[in-house]
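Biologist: I should be grateful for a close look at a single part of this protein chain. Please set that part in the context of the whole, in terms that a first-year student can follow.

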Amino acid sequence: MEIRRIQEPEAAEVVALWDDMCRAVPDGGPLTERGRRHLERMLAIQAWHRESFCLVAAGAERIEGFVCATTAAGTGLLPGLVGEVEESYT
């Protein structure tokens, strides 16, 4: 298995996992078609975005999981970046 940044053509595959994630929680449900389109566009942008990214766990045949996160300079007082995981599916 390889952990790497998402590639634009993989956005739809990750959206399918996201939909599974939404259906798995007791108060969740399927994504709407509009929601799927918006997520797919957001994930495709994360293939090249500087501060927002999606890492995928790519198996031999398919994407097995993903994590979406953001990074920022924080207050800028200390060197380095701070980050926050926003979504995770494994």
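Modeller: A residue counts as buried when its relative accessible area is under 20%, and as exposed when that area is over 50%. The model is predicted, and the part chosen for the close look is helix 1.

The setting comes first. The chain contains 2 helices and 4 strands, and from the N terminus the order of these elements is β-α-α-β-β-β. Its C-alpha atoms fill a box of roughly 45 × 30 × 20 Å along the principal axes. Of the 90 residues in the chain, 29% are buried. Among contacts between residues at least 6 apart in sequence, 50% join residues at least 24 apart.

Helix 1 covers residues 11-24. This helix has 14 residues, and the distance from its first C-alpha to its last is 20 Å, close to the 20 Å expected at 1.5 Å a residue. Its buried residues are A11, V14, V15, L17, W18, D19 and M21. An α-helix has 3.6 residues a turn, so residues three or four places apart point the same way. The cover over the buried residues of helix 1 includes helix 2, strand 2, strand 3 and strand 4.

One of these buried residues, D19, deserves particular attention. D19 counts as buried because its relative accessibility is 6%, and the limit for a buried residue is under 20%. Leaving aside residues up to four places away in sequence, D19 touches P30, L31 and R36.

Two residues outside helix 1 serve as a contrast. G83 lies in strand 4, which spans residues 82-89. G83 counts as exposed because its relative accessibility is 59%, and exposed means over 50%. With residues up to four places away in sequence set aside, G83 touches T70 and T71. G83 and L39 are 44 residues apart along the chain, and their C-alpha atoms are separated by 20 Å.

W48 is placed in the loop between helix 2 (33-45) and strand 2 (52-58). With a relative accessible area of 56%, W48 is exposed. W48 touches R5 and E8, again not counting residues up to four places away in sequence. W48 and E8 are 40 residues apart in sequence, while their C-alpha atoms are 8.5 Å apart in space.

To return to the close look: D19 in helix 1 is buried at 6% relative accessibility, whereas G83 is exposed at 59% and W48 is exposed at 56%.

Conventions. Residues numbered from 1 in each chain as written. Predicted model: local features only at pLDDT ≥ 70, side-chain atom pairs only at ≥ 80, totals over all residues. Heavy atoms only, no water. Buried < 20%, exposed > 50% of the residue type's maximum accessible area, 1.4 Å probe, protein only. Contact = heavy atoms within 4.5 Å. Expected span 1.5 Å × (residues − 1).
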